[in-house]
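Work through the exercises below with the sequence and the structure side by side. Try each task before reading its solution.

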Amino acid sequence: MRLLITAYLFFFLSYGYSNETINIASKYNNFISHSSKSYFIQHERKEIFQVKILKSNTELSQGFSGIRAEQVEDHQGLFFWFPSTSIKNFWMPNTFFDLRIIYLDKNLKVVHIIEKAPHHIGFSEKKQQIYRAPGVKSRYVLEIKSSSAQGKKIKVGDLFKWIKENPTIFQKK
């Protein structure tokens, strides 16, 4: 019994228990770790997003799969870096939150937006089909939380620009 009480006290004192709420976000690390490289892209309305650039086939196919909403802040996202303009297709297996998918041309101009691509926890389609976004011709894609207040300001025709280290180093010459 004494061991149980000690464990109980340790748990609540260690994890900052509050009668109002338990900070769920503390259970998960931010998806952009301090050791990984991140970039900053600015929307023409001055909204700034911290992005992790995905370039390898493994990164491009995984996207936000397996990442929990608590790991992603409203100003963070994934930037899918493709070598050329083509039809881009996305689907949402094992995503834990709805996404805003922003398609960009080679000049970082917004050409299409999917406002709320529905999440789908897991890979099974027995109960519900996994969402598949319609194919859109673009060069790059930016994914952010659909609930992001900054993201809701983005419209088709808007422009983005890099404000920290333009990642042209990823392009093959």
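**Exercise 1: the two faces of a strand**

Leu99, Ile101 and Tyr103 on one side of S4, and Arg100, Ile102 and Leu104 on the other, are all buried, so both faces of this strand are covered. The model is a predicted one.

Task: decide how many residues of strand S4 (residues 99–104) are buried.

Solution.
1. In a regular strand, side chains alternate between the two faces of the sheet.
2. Buried means under 20% relative accessible area.
3. By that cut-off, six of the six residues in S4 are buried, and the strand is mostly covered.

**Exercise 2: the neighbours of S4**

Task: find which strands pair with S4, and in what sense.

Solution.
1. Strand S5 (residues 110–117) pairs with S4 in the antiparallel sense, over five bridges.
2. Within this pair, isoleucine 102 has isoleucine 113 of S5 as its bridge partner.
3. Five residues lie between S4 and S5, which form a hairpin; in the turn, leucine 108 has a positive phi of about 70°.
4. Strand S6 (residues 136–145) also pairs with S4 in the antiparallel sense, over six bridges.
5. Here tyrosine 140 in S6 stands opposite leucine 104.

**Exercise 3: the nonpolar cores**

Task: state which residues touch the most other members of the largest nonpolar core.

Solution.
1. This core has 19 residues, and those with the most contacts to other members are Phe64, Phe80, Phe90, Leu99, Ile101, Tyr103 and Val141.
2. Strand S3 (76–88), S4, S5 and S6 are the elements that give two or more residues to this core.
3. Another core, of 18 residues, lies apart from it; its members include Ile53, Leu104, Leu108 and Ile154.

Conventions:
Residues numbered from 1 in each chain as written. Predicted model: local features only at pLDDT ≥ 70, side-chain atom pairs only at ≥ 80, totals over all residues. Heavy atoms only, no water. Buried < 20%, exposed > 50% of the residue type's maximum accessible area, 1.4 Å probe, protein only. Helix = DSSP H or I, 4+ residues; strand = E, 2+ residues; numbered from the N terminus. Pairing = 2+ DSSP bridges. Core = buried A, V, L, I, M, F, W, Y, C linked by side-chain atoms within 4.5 Å.
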